[in-house]
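Here is a short briefing to read alongside the model. Have the viewer open and follow the residues as they come up.

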Amino acid sequence: MRLQQLHLPTLREPPKDAETVSHQLLVRAGYIRRIAAGIYSFLPLGVRSLEKVKAIIRQEMDRAGAQEVFMPAIIPAELWQQSGRWPVYGPELLRLKDRKQADYCVGPTHEEVVVDLARKDIRSYKQLPVNLYQIQTKFRDEMRPRAGLMRGREFVMKDAYSFDADVSGAHGSYQAMYDAYCRIFSRMGLEFRPVEADTGNIGGSMSHEFQVLAESGEDAIVACDACTFAANVEKAPLPDQPFAATGDTGPARVVDTPGTKTIETLCALLGCRPDQTIKAVLFTADDAPAVAFVRGDREVNEVKVRQALGCKTLYLADAEWFAKTTGLPPGYLGAVGTGGVRTVLDHEIKAMPIAVCGANAKQQHLVDVVPARDLATATYADLRMAVAGDPCPRCAGRLRGFRGIEVGHVFYLGTKYSKAMQATFLDEAGKETLFEMGCYGIGVTRILAAAIEQNHDERGIRWPVALAPFEVAVLPMAADGPQAELARSLYASLNQVGVQAVIDDRAERPGIKFADADLVGYPVQIIVGKRAGEGVVEIKLRHTGQRAERPAAGLVDRVAGALAAARRGGGLALSDLDA
């Protein structure tokens, strides 16, 4: 591709609404343009990188035995009503009516549609297993779309759905997709971790997220320093603990603590540390008040609280509503004597030898609370958010903290959807049996943003070879003469051997060509300068910044060989280009 012909509207300054690096660079480098909040058009470079992502996904899905289908984006409400998700999915589901006033939604995911396909077409165990996938545009009406492609409303997703005759088969399908995802992200040249995760709105009993590691990631994950355990902090289980010894402490006593509705003000008044206090977090659980207690220096994990309470809906409670409903004062709630309000305490509170907590009376707290004595009959569960330094739930190791960007998620669904929608097949005994299912998603457009968050510098994008829109940029420093002639020859030869190359034949200064090449992120730059007459060019590798002069003779074959290896997820080094 000649840059004179390529639609490449680069910008020197980032757009004002772009907060993340990937959003800034995708706009500045001419990959995407905003149409509305969370909705983007893809320009030629963006399309090329997007198609590379899709190609890798298709190859590995096909290799794993999945079969591609294409389902409608607009889904009749009837199917969602059958699964039970129509009234509970929430405002992210974009609902609409047709001219006959029938209800539809724009599919954020396609479990209902694919189950409808299976129950109509698969009648016998002999037709199983089956795994169907699609790559399609989705829509989720995010309340606050942000970060460009990271958290958009319209996005491209690969979603796959497996159908098996029994649990063993379903676990096999799950593992096949897990392995395929590892190959996909490895081939893309991304540093990632599969982590245990909550199943969320999709449901099911087991899931793993695939997290691209990046400091800017919106997800917190933890991994053991001694074994292979890794999990999203929302999912990471923390072990139960025994009660601490009671010692010789006297009975708990009430002290006046005016104006201490926060842990910080309480500690300042009493001269204690946050880890010596018990914090109350107020919730509305299935429309009823509930309280979760954790140590004062900890954060409550709402996913774990919902599981501990066994409720369908869980929201942080409005303080005024809570006080009016329970008669208890927010800011001064304690775990001792909360009356008829449903409470649950984190396991870690058991290990506190002595603690401070609210006294359930305005302007007052209890001191010298001994959990082993005063809270021995309370309900305990794993409620806290895992952090670095916590014990590993699988071994004697300790957890380390990372930030990640979720780019894929695999779920074991069991019979959640097949039961709700009465999707059955005839087993070997001729009995109607529910399908065992799994579902498997990849954020196709989000991968581009995640790759940039992991691979960039102050000058622009540093694409892994497998995702770059073009692999090589040939940069002649003059518009005619030996430099232009050699550049055109190298460009033509690169394309002849299957290397995706561009030539910057624009009438621009060298500085502009260098800046644009770095901004766009071509993995290899061939700079044809003053030594062109001698048959010598300069090679620059974008990811490492390495530069060196190399003879032009034989260079095309060496570049082609190095790129062929790098397309499989490897890196590039100048030594790969030596004769």
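The notes below cover one glutamine, one enclosed strand and one small sheet.

This is a predicted model. The tour starts at Gln 454 in helix α11, moves to strand β17 and its two pairings, and ends with the open sheet β4-β6-β5.

**Gln 454 and its surroundings**
- Gln 454 belongs to helix α11, which spans residues 444–454.
- With a relative accessible area of 18%, Gln 454 falls under the 20% cut-off, so it counts as buried.
- A polar atom of the Gln 454 side chain sits 2.8 Å from the backbone oxygen of Glu 191.
- Leaving aside residues up to four places away in sequence, Gln 454 touches Gly 189, Leu 190, Glu 191, Val 212 and Leu 213.

**Strand β17**
- Four of the five residues of β17 (residues 342–346) are buried, so the rest of the structure largely encloses this strand.
- Strand β15 (residues 288–295) runs parallel to β17, and four bridges join them; Ala 292 is opposite Val 344 of β17.
- β17 is also joined to strand β20 (residues 380–381) by two bridges, again in parallel, with Leu 345 facing Tyr 380 in β20.

**The β4-β6-β5 sheet**
- Three strands make up this open sheet, and their pairing is antiparallel.
- β4 (74–76) and β5 (95–97) are the edge strands; each has a single partner strand, so one side of each lacks a neighbour in the sheet.
- On average, neighbouring strands here are turned by 40° against each other, direction ignored.
- Three bridges link β5 with β6 (residues 103–106), and Leu 96 has Tyr 104 in β6 as its bridge partner.

Notes:
Residues are numbered from 1 along each chain as its sequence is written. This is a predicted model: local features need pLDDT of at least 70, side-chain atom pairs count only at pLDDT 80 or more; totals for chains, interfaces and linings use all residues. Side-chain values use heavy atoms; hydrogens and water are left out. Buried means under 20% relative accessible area, exposed over 50%, partly exposed in between (1.4 Å probe, protein chains only). A polar contact is a pair of N or O atoms within 3.5 Å; within protein, one must be able to donate a hydrogen and the other to accept it, and residues adjacent in sequence count only if both atoms are side-chain atoms. Contact means heavy atoms within 4.5 Å. Two strands pair if DSSP finds at least two bridges between them. Axes are lines fitted to C-alpha atoms, for helices over the stretch in contact, and angles run from 0 to 180 degrees between N-to-C directions.
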